[in-house]
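Here are a few exercises on empty space in a protein. Grab your viewer and work through them.

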Amino acid sequence: MTITSNVLGSKIQSTRVGMDAAAIRQSILEHLVHTQSRFPDVATDNDWYNALAHAVRDRLLERMMVSAKTCKANKSRTVCYLSAEFLPGPHLANNIFALGIWHEVQEAIAQLGLDFETLLEEEVEPGLGNGGLGRLAACYMDSMATLKIPAIGYGIRYEFGIFRQEIEDGWQVEKTDKWLSFGNPWEIPRPRLRFKVHFGGHTEQHTDSTGKLRVKWVPERRVIGVAYDTPVMGYGVKNTNLLRLWRSEATESFNFQAFNIGDYYGAVNEKVTSENITKVLYPNDEPEAGKRLRLEQQYFFVSCSLQDMVRIYLQSGEPLEHFHHKYSVQLNDTHPAIAIPELMRLLVDRNRMEWDMAWSVTRQTFSYTNHTLLPEALEKWPLDLIRKVLPRHLEIIYEINSRFLDEARMKLHGLDGRAGRLSIIEDGERPQVRMAHLAMVGSHKVNGVARLHSELLKQNVLSDFHYLWPDKIINVTNGVTPRRFMLLSNQPLAHLLREHIGCDWVTDLDRLRGLEGLVDDAGFQQAWQRVKRNNKERLARHALGATGLKIDPDSLLDVQVKRIHEYKRQHLNLLHIITLYNRLKDNPGLDIPPRTFVFGGKAAPGYFMAKLIIKAINSVAEVVNRDPDMQGRLRVVFFPNFNVKTAHCIYPGADVSEQISLAGKEASGTGNMKFALNGALTIGTLDGANIEIREEVGEENFFLFGMTESEVAVLQASDYRPQEYYAHDQELKQALDFLANGYFSHGDTTLFRPLVMNLLDKDPYKVLADYRSYVDCQAKISECYRDRAKWTRMSILNVARMGKFSSDRSVREYAENIWKIDPVDIGEF
């Protein structure tokens with residue numbers, strides 16, 4: 001279809017979804033006028049960004065409609081990925097790459113006299129996730145579309161995200177993340193696609209006309225969930241899947257009677273209360289009100305999502321007994337686990353299905369990914385809270401648990417004391433529902449996210465379930481998408497690879513093995529070094545803009561960016577920095593390569609120790625960076641508000657990747673993969689996916705330190721005494737003393753005392769036990785960095801051998817071993 005319009009006297013012809021530069025230019029101009037209501041002379045950069053985004057979106061939506069129509073006609077099996085977080089990162093550049101029109105868009109923008117990079121920078125990152133969990137979900141959505149697997153991602157449309165991190169006087173300060181302030185051109189509101197979600201109240205039993213006992217839930221209040229859709233396109237294919245997020249609304253947003261009598265707060269109270277559900281990602285759950293809001297969030301989005309699935313399914317005319325033939329529902333961690341009793345409620349209460357049939361359908365529908373080995377991270381909800389918020393679901397959970405324990409008792413011929421460990425209900429002063437147990441019981445498959453993690457699930461966390469169902473727990477090691485974290489974020493490296501091994505690696509990461517034949521080529525090594533230098537300069541420019549600090553791109557860039565948590569051991573990194581500082585102060589002639597240490601990551605608002613670690617990093621940075629003896633030798637930088645957009649320049653610019661969690665604590669990690677994929681060398685423990693990365697890249701290309709998981713267990717069982725390490729290691733003692741005695745806190749001896757005393761008295765993550773091994777390993781890094789040819793060779797081999805860690809491989813394993821789903825061919829470009 002061709003549309004002709006007159007824009008301020010000039011004729012503009014639009015083919016709407018043309019892929020050449022002329023058509024894209026026309027589309028941008030039309031959207032500037034018809035969507036943004038601006039003419040070029042007065043348009044701002046944000047107006048032009050929105051016009052470009054809508055022009056690109058038009059081309060996505062055409063493909064999404066073809067995909068949806070094809071899947072509907074074929075009654076295609078579909079993956080429904082339920083996740084409390086999706087962290088997609090900026091959409092514009094990624095979608096342009098997926099469409100294969102990067103150069104055409106650049107040409108169109110240039111013809112309009114605009115700067116492409118300026119428009120890309122206008123995009124605000126969606127505040128829909130916090131860290132690895134949400135970014136993994138986004139990687140899998142990318143891979144499912146690229147591999148032509150029909151999928152819907154279901155989650156929450158958070159109005160304000162988690163928070164925007166600012167650093168004030170070295171402390172993390174949480175500010176509102178107003179990511180929707182200027183709108184979101186990528187989403188399509190579906191105001192008529194809405195579902196009622198109930199909370200509170202009580203249940204009533206009655207007998208139906210056939211004499212069967214039925215239960216009716218009489219809720220205390222209701223909210224409405226409204227859908228917002230975002231297209232997710234695969235790379236180089238027409239397949240375009242759907243990310244459907246839910247926003248909460250009041251059933252009645254304005255009480256006119258209350259307003260008329262002057263109760264102005266009461267007039268909008270229901271609106272405020274209802275919309276709170278989707279205001280903020282992960283509200284602080286320290287107070288009881290925060291716990292309740294989190295539970296309401298989780299139930300809200302799974303209820304909307306399951307009601308939507310049932311709605312779509314019933315359009316096929318098939319009986320609900322075959323629901324699991326249409327859908328495979330993946331629970332991304334325990335946040336959506338309340339979906340299991342919710343589907344039972346929909347099948348049994350609303351659609352009158354017999355319990356045994358409903359349970360069979362439910363179990364065959366769900367699969368569950370476990371993402372943690374930390375006991376405190378395995379979600380549990382107090383029974384009394386569930387009774388207040390979801391009374392019918394508590395009844396269903398009790399019934400599921402009773403029948404499950406009967407099944408287990410019969411299968412094991414008695415439970416031999418296992419009943420308490422297997423039960424979904426945990427007894428205690430305040431009994432709780434174990435959501436990981438609920439997910440385990442209600443799913444047909446459960447997976448860990450790295451080989452060690454999956455084995456530890458079988459041996460420790462879920463050992464009784466593994467004994468009961470030895471084939472249920474499997475491993476699917478995490479992966480990351482090379483489209484965003486290499487092709488897009490590291491374009492200099494992508495260009496170099498294209499010149500030497502072609503472009504097939506973008507969708508077949510094992511093709512990177514072709515680099516091994518170039519590893520000793522002097523010319524290629526020099527080109528590799530130029531790429532790294534350019535990326536380090538880009539990182540330095542970004543650091544200057546974000547922090548005001550200058551970074552020397554010739555220094556060794558040692559980077560640790562991830563969520564701030566004690567088990568990730570940013571404070572171990574910090575102790576090494578203090579040790580280096582002390583060495584250089586005591587011996588100014590010490591010959592070591594200049595180092596810049598880069599940190600980034602957010603601490604949970606209620607996590608005091610993590611926030612104190614951020615303060616300590618910034619306090620040490622303040623002293624180191626203003627000490628004239630450290631100029632050109634040592635630098636420390638903390639990037640505020642680390643996110644996907646920032647990661648685009650940090651991962652490619654890093655020389656060293658810090659993956660230093662205590663062995664047995666990190667489930668997998670994906671930052672380790674992104675760094676290695678961009679040529680950084682890893683210093684790490686045998687934890688999570690580090691083990692598999694080391695196996696793939698070669699132990700000679702990985703800097704290993706620290707205890708193994710089994711050694712940690714032995715140390716823990718043998719009455720670990722961290723003070724002994726402190727007493728017998730002079731450098732460790734000096735580093736901790738300097739932190740405690742006010743050297744890095746303007747003489748304040750109380751500021752870091754909680755951190756130091758926690759390490760000396762408890763040291764739950766064995767920082768002091770691994771300190772010496774870590775410091776010695778860092779010395780090996782410094783020595784290796786001097787030999788640029790050797791370092792470059794190691795860097796090339798890291799990239800060449802990262803094929804296993806593509807999210808495409810992960811998704812293929814899910815599809816084959818869990819989802820049992822085949823690709824649907826929409827057609828190639």
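The exercises below go from an open pocket to closed cavities.

This is a predicted model, where local features need pLDDT of at least 70, side-chain atom pairs count only at pLDDT 80 or more, and totals for chains, interfaces and linings use all residues. Residues are numbered from 1 along each chain as its sequence is written, and side-chain values use heavy atoms, with hydrogens and water left out.

**Exercise 1.** Describe the second largest pocket and its lining.

*Solution.* Start with the term: on a 1 Å grid over the protein atoms alone, a pocket is an open set of points with protein on both sides within 12 Å along at least five of seven lines, a cavity is a set where a 1.4 Å probe fits but cannot get out, and lining residues have an atom within 4 Å of a point. Next, the lining: 32 residues, with A68, C71, K72, I312 and K326 nearest the centre. Then sort them by class: 14 nonpolar, 9 polar and 9 charged (Ala, Val, Leu, Ile, Met, Phe, Trp, Tyr, Cys and Pro are nonpolar, Asp, Glu, Lys and Arg charged, the others, Gly among them, polar).

**Exercise 2.** Find which residues lie nearest the centre of the largest cavity.

*Solution.* Look for P88, N94, A138, D142 and V232, from a lining of 21 residues. Splitting that lining by class gives 12 nonpolar, 5 polar and 4 charged.

**Exercise 3.** Do likewise for the second largest cavity.

*Solution.* Its 13 lining residues have Y49, V124, W179, G183 and P185 nearest the centre. By class, 7 are nonpolar, 4 polar and 2 charged.
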